[in-house]
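I opened my notebook to go through one structure bit by bit. These are my entries, in the order I looked things up.

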Amino acid sequence: VRLKAHEDNMHNLQLLAIAIFILSFFSAFLILSKRKVNPRAIEFMGLLALLLVFEFVALLLHPVIQLVTNDSPVLMMLVLVLIAVVLVPIHHALEKWVKKRLAAKPVLKRKAVHGK
């Protein structure tokens, strides 16, 4: 019983650590969006944030999904695809909003290399 409680506690602490990391990542993302940053870096960070959020949601919901789908891989995949269907439009809207904010600010340009 103690071993199970300890494992559950460790699992919950790990989920909390992941949530704190994702929130820190989003905070860094917002701080960078207020500075001169290459738009491609913002796109990359946005995609990475989407993947992190999707995986975190999948981790949180995995036990529930297992119960609801009776551990059927096909149904579990369908539920995860439905979660992605919800998250992707949110990601695109946020990316559009960040790009709009960046467009109002000057973007770092690469230094031109003068030829010979």
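Below are my notes, starting with the whole chain and moving on to single residues.

**Entry 1: the whole chain**

I reminded myself that this is a predicted model. I looked up the secondary structure and found three helices and zero strands in the protein chain. Going from the N terminus, I wrote the order down as α-α-α. The helices are α1 (2-33), α2 (39-69) and α3 (73-103).

Next I checked burial. The chain has 116 residues, and buried ones make up 20% of them. The chain exposes about 9,300 Å², and 71% of that comes from carbon and sulfur atoms.

I also looked at how far along the sequence the contact partners sit. Of the contacts with a separation of 6 or more, 69% are between residues 24 or more positions apart.

**Entry 2: the salt bridge**

How many salt bridges does a search of the whole structure find? I got one. Its partners are Asp 8 and Lys 4, with their closest N and O atoms 3.3 Å apart. Both residues belong to helix α1, and because they are four residues apart there, about one helical turn separates them. I checked Asp 8 for exposure too: its relative accessibility is 37%, so it counts as partly exposed.

**Entry 3: the end of α2**

I picked Ile 65 first, which has its place in helix α2. Is Ile 65 buried or exposed? Its relative accessible area is 6%, and buried means under 20%, so Ile 65 is buried. Leaving out residues up to four places away in sequence, I listed what Ile 65 touches: Met 76, Val 79, Leu 80 and Ile 83. I took one of these partners, Leu 80, and looked up the spacing. Ile 65 and Leu 80 are 15 residues apart in sequence, and their C-alpha atoms are 8.8 Å apart in space.

Then I moved to Thr 69, also found in helix α2. Thr 69 has 6% relative accessibility, so I put it down as buried. With the same kind of neighbours left out, up to four places away, Thr 69 touches Leu 75, Met 76 and Val 79. I noticed that Met 76 and Val 79 were already on my list for Ile 65.

**Entry 4: the loop after α2**

What sign does phi have at Asn 70? I found a positive phi of about 55°, although Asn 70 is not a glycine. I wrote that down because most residues other than glycine have a negative phi. Asn 70 lies in the loop between α2 and α3. With a relative accessible area of 67%, Asn 70 is exposed.

Asp 71 is in the loop between α2 and α3 as well. Asp 71 isn't a glycine either, and its phi is positive too, at about 60°. For Asp 71 I noted a relative accessible area of 46%, so this residue is partly exposed.

**Entry 5: the largest pocket**

I looked for pockets next. The largest pocket has a volume of about 270 Å³. It is lined by 15 residues, and the closest to its centre are Phe 26, Gly 46, Ala 49, His 91 and Leu 94. Which elements give two or more residues to this lining? My answer is α1, α2 and α3. The most comes from α3, with seven residues.

I stopped at His 91, which lies in helix α3. His 91 has 12% relative accessibility, so it counts as buried. Setting aside neighbours within four places in sequence, I found His 91 in contact with Gly 46, Leu 47 and Leu 50.

**Entry 6: a nonpolar patch**

Last, I checked the surface. Leu 30, Val 86, Ile 90, Leu 94 and Trp 97 form a nonpolar patch there, and together they have about 470 Å² of accessible area. Which element gives the largest share of the patch? It is α3, with four residues.

I took Ile 90 as my example, and found it in helix α3. Its relative accessible area is 44%, so Ile 90 is partly exposed. I also spotted Leu 94 in the patch, a residue I had met among those closest to the pocket's centre.

Note on methods
Residues numbered from 1 in each chain as written. Predicted model: local features only at pLDDT ≥ 70, side-chain atom pairs only at ≥ 80, totals over all residues. Heavy atoms only, no water. Buried < 20%, exposed > 50% of the residue type's maximum accessible area, 1.4 Å probe, protein only. Patch = residues over 30% accessible without salt bridge, like charges linked within 9 Å, V, L, I, M, F, W, Y side chains within 5 Å. Areas by Shrake-Rupley, 256 points an atom, 1.4 Å probe, with all protein chains shown as cover. Salt bridge = Lys/Arg side-chain N within 4 Å of Asp/Glu carboxyl O. Contact = heavy atoms within 4.5 Å. 1 Å grid on protein atoms, 1.4 Å probe; cavity = no way out; pocket = protein on both sides within 12 Å on 5 of 7 lines; lining within 4 Å. Points joined across faces, edges and corners; volume = space filled by probe spheres on them.
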